[in-house]
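Here are a few exercises to work through with the structure open beside you. Try each task before reading its solution.

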Amino acid sequence: MGTFEAMGAADRKFWSSFVRQTEIDRTVRALNDPATYGVTVIGPWGVGKTTLARAVEKTLAPTTHIERLFGSSAEALISYGPLSMLMARLPANALETPTGVIRGIDELIRADAAGRDVLLIVDDLPGLDFLTVGVMMHLVLGGTAKVLVMARDSADLPEDLVWLAKDGQLGEIRLDHFSVAEVGELIAKATGTFVSQTAVTALHEASNGIPLVLQALFREQVVKGSIVKHLGGWVVKDAINLDSTSAMAEIVSSRLSREDAAVRLGVEKMSLLGNAPLQVAISALGQETLWQLEERGFVEISVEGRHRAFLAEQYVGDIVRSGLTPKRMAELFAQIALTVDQELESLDGRETMSLATWTLDAGMVLDPRVALAAALSALRNFDPVLAIRCATQIPTDNPLWVKSVQARSAAYQLLADYRGAVAVLDAVPATVISQLPFEEFGAWVLACTRALLWVEGGLPRIQELLAGAEERLVDENGRGQDTTKKLGLTLLNLARFEYQIHGGEFSAVIPELEAAINEGESEYRLNCECLLVPALAAVGRELDAIALAKRIETDAAALGMTPLFSDYARNGKAIAQIWSGQWIDCVAMLQDEIEGLQRPVPYRGGLIELNLGLAHAFAGRGAEAVQVLMSAAAQLEARNSDHALGLAYAALAFCHAQVNNEQDARGWLELAESVPWPTLWTNQAMLNFFTHLALRWLDDPRATEQLHLAALVDIDKGRFAMASMSLFAATIQASDKDYALLEEVSLRRQGPMAALNVLLARSCRTSDAEKALEAAHIAETLKLDAVESRCAVLALDFARDAGRNSVARLASQRLDRLQKNLPKLPFQPQSAGVKLTQREIQVAKLAKRGLGNRAIADRIGVSVRTVEGHLYQLYSKLGITTRHELAEDQDF
């Protein structure tokens, strides 16, 4: 049985009423209030006014007689039209005068009510004629009935009702579209399945949060397979696209059928124009039609910055546009092409994309200049499918063809088809490449480098490529011989810088990047700064990285450009925030980024949600991390962007290991080993870190050593941030030498986490309870509960050993508070006077899991007799005699 068949009638009803129950209750209370004449429900089309009215009607039906009046969308209103059913029952003499009609209808309704309360439900104002309004007001003011009125705007209410509202005698309920959060909550509760943040964003944007549209949209996209249930949650597999065969087409058709021909034609044109400069829209549609579309709620006009006109509900444009035949598109194109051609130079990126889309949909050929501009804009807006459509329009004999091939390669990279990205570049003949001008040759080398970074065997090819390019672009003195060579050389530099950043050679590249930033022109400088952000984060300059990323955002906005390497700045800022302990800021930034995604989202959402999950995982919040990481993994399984799927699996393994779920943790670790290894150093480092961390929680005796060895490698390379984190994880119980190394490395970092590491290392070397408490306080401010518990446990143990009762009491109080937030403290203080070795703790944990002596010996690589000896020491120190007491009464 499918998802929707299994939902049942109760769940289907739930879709309609969710998040409106509060408003339903408020409406019923207002109608039952003797001080009011009724209630008005105000809200835009599709927001659920009629659904609310039906729910209220059902609630009141046992004690109330209901009469429904429906307004008309026709320009010429028929007298008493909404009352036609009642009018047909009146005697002929009652129809002779308005007074007779009022009295006759009053008597009919009272007779039908048979002593019950009466409620008039009036839908779709302002479509009531004045005579019907007169009858309604008589019934209300005369005490025969109360009224429930639905309208899109307060201005649509009859003047008499407006005065009642001003006097407080008419209640008002305002409904709005669902927020992003409400969309996610609705779908999760209606289907019993969590929804990825990117799926929520995509559905909210596509439906505008309109309840009626959202329900139809979600059901349809699940049937189409654009939204799939995978790894326990709803995720976006493909872009959400609507067409004229959609079930939602009936909604759009019904709505447009009530509009006049000018409005329908205006919607058709706006569906092609998309997001257009206001002057273009006015020229194409006419000012009067555009204002009419705005008044009817079809078009919105931005009031900030550059004035634009666009369809208020994107799904309307999608469906209308897909329903146009090529012939009809060509007709509309002929009507508005002149206007667009005149304004072509003023179009921005998204407007150029709209122009290209409807030109291609109409079966016409794009001008190569427009095709390339649209392809590049599509890449900046994460729409690789449109980029490929546009780039393939440029013929091989056109001077722009090589640039179009580079655009196609970049599009394939967005699709995570890295072999395809290399293949389209390899297909360009060497004779063509050799004849490229120096600057275009530099761009070609950069495009090839970017593609080769992600494929097996690509790194040696990059070294060969860069060496050959340098021979062509650099003279004997190491400088470009002319201006065009210098431009080509700057692009070659960017290719080399990215190659070094990708491979983790940060210490070598940072001086060159900083020098380039001081010397280069604005675009080159911005791109170098973008590459510098993750480098600064990796070498321990996390705060510098965050500050630089913010400056890049400001400068890029001021210059009106999107740097080629903006992803490096964005991701570098995220990891700098996470690694420095400022994970809350990172979560807020990523959630804003998800909510700001434009359609289509499948090509970026998985990576953003991965970062979001990593932020929670680094913070030790496994429960929150698991759901987000599952969503990220599901999306990355469909499209393994940046080869980051293994990292998602490793982080999931760590989260499960934290709660002693060994089976799932090992399952995720196996999956992490089964997928392609990431080529990006940052992803490699975090994958290794989470893998070793998971194994450490699973009491693998090699994990601590592996963390320590990884730290030594990173120290040698100057990557102090990851080295510090590895040492922090490896020093749960360590020697003074290990703590000294943690302190030394952490002193070379920036940010609150570095300060915490230094305090913890010093407290362990000197058994200083106050320093451990100071470290715990930093962790508390960062909301790192697991880290805080580790520091508080150390403070308690050190204070007890030193007889510092007051300090011990403070540490104990901190642990008592943490126990309310954590299901189980990851670190436990030693029993008074009892000190266990690291090996004894390891044996105790495995024994508690039910492993026999032989299994424990095999796990930790010692003899059975050695395990027996450790257990003997454990029992003696803890004052117990059986494994049952160990399992029931002891925490480790």
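**Exercise 1. Find how helix α36 and helix α38 cross, and what their contact is made of.**

Solution. Keep in mind throughout that this is a predicted model.

Step 1. Locate helix α36 at residues 703-716 and helix α38 at residues 736-746; their axes cross at roughly 35° and come within 12 Å.

Step 2. Look at the handedness: α36 and α38 make a left-handed crossing.

Step 3. Pick out the side that α36 brings to the contact, namely His708, Leu712 and Ile715, and then its partners Asp738, Leu741 and Val745 in α38.

Step 4. Sort these residues by class, and you get four nonpolar, one polar and one charged.

**Exercise 2. Work out how α26 and α27 are oriented towards each other.**

Solution. Step 1. Start with the geometry: helix α26 covers residues 506-519, helix α27 covers residues 522-538, and the two pack at about 150° with axes 9 Å apart.

Step 2. Angles over 145 degrees count as roughly antiparallel, and α26 and α27 are therefore roughly antiparallel to each other.

Step 3. Add the handedness, which is left-handed for α26 passing α27.

Step 4. Now list who meets whom. From α26 come Phe506, Ile510, Leu513, Glu514, Ala516 and Ile517, and the residues they meet in α27 include Tyr524, Arg525, Cys528, Glu529 and Leu531.

Step 5. Check the classes: the contact of α26 with α27 has 13 nonpolar and three charged residues, with no polar ones.

**Exercise 3. Repeat the analysis for α31 and α32.**

Solution. Step 1. Helix α32 spans residues 622-638, and α31 packs against α32 at about 155°, the axes being 8 Å apart.

Step 2. That angle makes α31 roughly antiparallel to α32.

Step 3. The crossing of α31 and α32 is again a matter of looking along the axes, and it is left-handed.

Step 4. On the α31 side, the contact residues include Gly605, Gly606, Leu607, Glu609 and Gly613; on the α32 side, they include Glu624, Ala625, Val628 and Gln635.

Step 5. By class, the contact of α31 with α32 holds 10 nonpolar, six polar and two charged residues.

**Exercise 4. Describe the largest cavity and say which helix gives the most to its lining.**

Solution. Step 1. Search the whole structure, and five cavities of 30 Å³ or more turn up.

Step 2. Take the largest cavity, with a volume of about 420 Å³.

Step 3. Count its lining, which comes to 27 residues; nearest the centre lie Phe618, Leu693, Phe728, Met753 and Val787.

Step 4. Trace the lining back to the helices. Those giving two or more residues are α29 (566-579), α31 (605-618), α33 (645-658), α35 (681-697), α37 (720-730), α39 (752-766) and α41 (785-802).

Step 5. The helix that gives the most is α35, with five residues.

Step 6. Finish with the classes: the lining of the largest cavity has 20 nonpolar, four polar and three charged residues.

**Exercise 5. Where do Asn208 and Ala416 lie, and what is the sign of phi in each?**

Solution. Step 1. Place Asn208 in the loop between α9 (197-207) and α10 (211-224). Its phi is positive, about 60°, although Asn208 is not a glycine.

Step 2. Place Ala416 in the loop between α20 (401-414) and α21 (418-426). Here too phi is positive, near 65°, in a residue other than glycine.

Definitions and conventions: Residues numbered from 1 in each chain as written. Predicted model: local features only at pLDDT ≥ 70, side-chain atom pairs only at ≥ 80, totals over all residues. Heavy atoms only, no water. 1 Å grid on protein atoms, 1.4 Å probe; cavity = no way out; pocket = protein on both sides within 12 Å on 5 of 7 lines; lining within 4 Å. Points joined across faces, edges and corners; volume = space filled by probe spheres on them. Helix = DSSP H or I, 4+ residues; strand = E, 2+ residues; numbered from the N terminus. Nonpolar A, V, L, I, M, F, W, Y, C, P; charged D, E, K, R; others polar. Axes fitted to C-alpha atoms, helices over the stretch in contact; angles between N-to-C directions. Parallel < 35°, antiparallel > 145°, perpendicular 65-115°, else oblique. Left-handed = near helix turned anticlockwise from the far one by under 90°. Contact = heavy atoms within 4.5 Å.
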